[in-house]
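Work through the following exercises with the sequence and the model side by side, and settle each step before reading its solution.

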Amino acid sequence: MANSRLRYFGSRPLTAIGTIAALAITSLGAGATAQDKPTLTIVGAEHLHNNLTGKVVNGVNLLTKFEEEFGAQVKFVLSPAPELRDVVNRLGTLPQTEEDLIYTLDMEQNERYASFLSPLDDFMAEKPIAGFPEAWPSGFIEANTINDKLYVFPVRCGTFGLWFNKEIMAERGVSGAPTTPEELLEAARKMTFTRDNGQKVYGFAPRGTKYDTDNFAIIARMFGGELIGPDLSIQVNSAETVKAIKFLQSMYQEGLIPPNWPSMDGNAVDQFFKDGLAAMIPAGTGYRPRYSDGKSAVSGKAELGYLPLVAELQTADRTFSDSITFVWNIGILQGSTDKELAYDFVRYLARPDVQLDMATNENGVCSFTTLEELGKSNADWNTASA
């Protein structure tokens with residue numbers, strides 16, 4: 001990775017406690033030295049680093065492009081995604097930090113972020129972001145606003161669809177993507193089998209860890225249920241959501257989903273699908289590059305469909321379930337010593353050309369205009385925007 005440095009510190013913030021260097025890659029252009037260039041330090045999870053560098057899909061290295069355009073050196077500090085919420089709590093309390101930017105997950109943001117991060121409004125007033133805010137869903141903006149000030153910017157908005165292995169479907173006599181939960185259950189039964197070589201194939205494989213509540217949410221929505229309502233009311237005990245829980249329970253009891261499902265995160269589910277061991281999975285609508293890499297067992301066989309919906313809730317205009325969108329945002333730490341360069345990076349990520357490159361790298365798109373542009377040539381993005 002040219003002109004960048006990658007470091008790992010687990011859950012311990014560099015400035016506050018110290019650095020554990022696991023990997024450092026630095027390469028400066030001809031005639032340049034590290035002292036010649038301002039340094040921008042970003043804290044985020046590995047998959048977010050991969051989105052920026054195109055590592056997984058051999059895509060576009062957007063960190064290198066930023067360095068070349070802005071004459072800067074980027075350091076990306078890795079932290080496991082679940083621990084980022086602790087890192088922002090600690091780094092955000094410091095009056096000065098080596099770190100400039102940090103990724104945050106929408107489900108973990110709260111009003112304390114107003115004390116941890118710098119509001120973006122003044123920067124935007126001086127250097128506006130084209131198309132903002134009208135090109136971004138209002139809900140994303142409202143969720144990132146505290147006391148009428150915007151503190152983080154949405155950069156990765158992943159929407160779930162139903163991916164299926166069309167070869168297994170054909171082999172097991174399933175005519176197409178299921179349109180109701182009942183059809184999903186029946187399809188999972190048909191596509192749960194053991195191959196002649198002893199390999200067990202499971203009909204359905206959702207994520208199951210405590211960090212993957214989004215998969216519980218989309219299954220609840222197949223029945224018209226919710227985990228939490230728009231007014232923040234708890235709805236896990238509603239009749240619709242209880243049906244969804246019983247639906248998952250029956251799948252588990254029948255052996256249609258992997259027995260270690262409660263410990264399977266997104267990476268594990270993806271690998272199961274790529275290895276041809278799961279016939280259907282809920283996963284990001286932008287994941288086609290990883291499933292069509294020419295190496296995995298599902299390459300050339302993966303298709304994306306909508307999430308099914310109970311028949312009584314279907315209408316002439318809508319025959320599939322609402323999905324969910326998880327949102328990764330990026331914000332400027334209060335203690336950053338180069339907030340101008342940090343904002344330049346936020347503004348850079350919001351540019352249409354960069355968003356398109358990030359989508360090539362499997363990043364979930366956040367702006368309507370970019371989704372519309374992508375949908376002209378790739379139907380997967382139309383599924384995401386529906």
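**Exercise 1.** Decide whether Thr104 is buried or exposed in this predicted model.

*Solution.* The relative accessibility of Thr104 is 2%. A residue counts as buried when this value is under 20%, and therefore Thr104 is classed as buried.

**Exercise 2.** Place Thr104 in the secondary structure, and then find which side chain makes a polar contact with the side chain of Thr104.

*Solution.* Begin with the element: Thr104 belongs to strand S4, which covers residues 101-105. Turning next to the side chain of Thr104, one finds a polar contact at 2.8 Å with the side chain of Gln109. Finally, once neighbours within four places in sequence are set aside, the residues in contact with Thr104 are Gln109, Tyr113, Val152, Val327, Trp328 and Asn329.

**Exercise 3.** Describe the protein as a whole, and explain why it can be called as compact as a globular protein of its length.

*Solution.* Start from the inventory of elements, which comprises 17 helices and 13 strands. The radius of gyration is 22 Å, and because the globule rule gives a close value of 21 Å for 386 residues, the protein is as compact as a globular protein of that length. The C-alpha trace spans about 65 × 45 × 40 Å along the principal axes. As for burial, 51% of the 386 residues count as buried. Among contacts between residues at least 6 apart in sequence, 72% join residues at least 24 apart.

**Exercise 4.** State how many positive and negative side chains the protein has, and how far apart the centres of the two sets lie.

*Solution.* There are 34 positive and 48 negative side chains, and the centres of these two sets are 5 Å apart.

Key. Residues numbered from 1 in each chain as written. Predicted model: local features only at pLDDT ≥ 70, side-chain atom pairs only at ≥ 80, totals over all residues. Heavy atoms only, no water. Helix = DSSP H or I, 4+ residues; strand = E, 2+ residues; numbered from the N terminus. Rg over C-alpha atoms; globule rule 2.2 N^0.38 Å. Buried < 20%, exposed > 50% of the residue type's maximum accessible area, 1.4 Å probe, protein only. Contact = heavy atoms within 4.5 Å. Lys, Arg positive; Asp, Glu negative; His and termini not counted. Charge placed at Lys NZ, Arg CZ, Asp CG, Glu CD. Polar contact = N/O pair within 3.5 Å; in protein donor to acceptor, adjacent residues only side chain to side chain.
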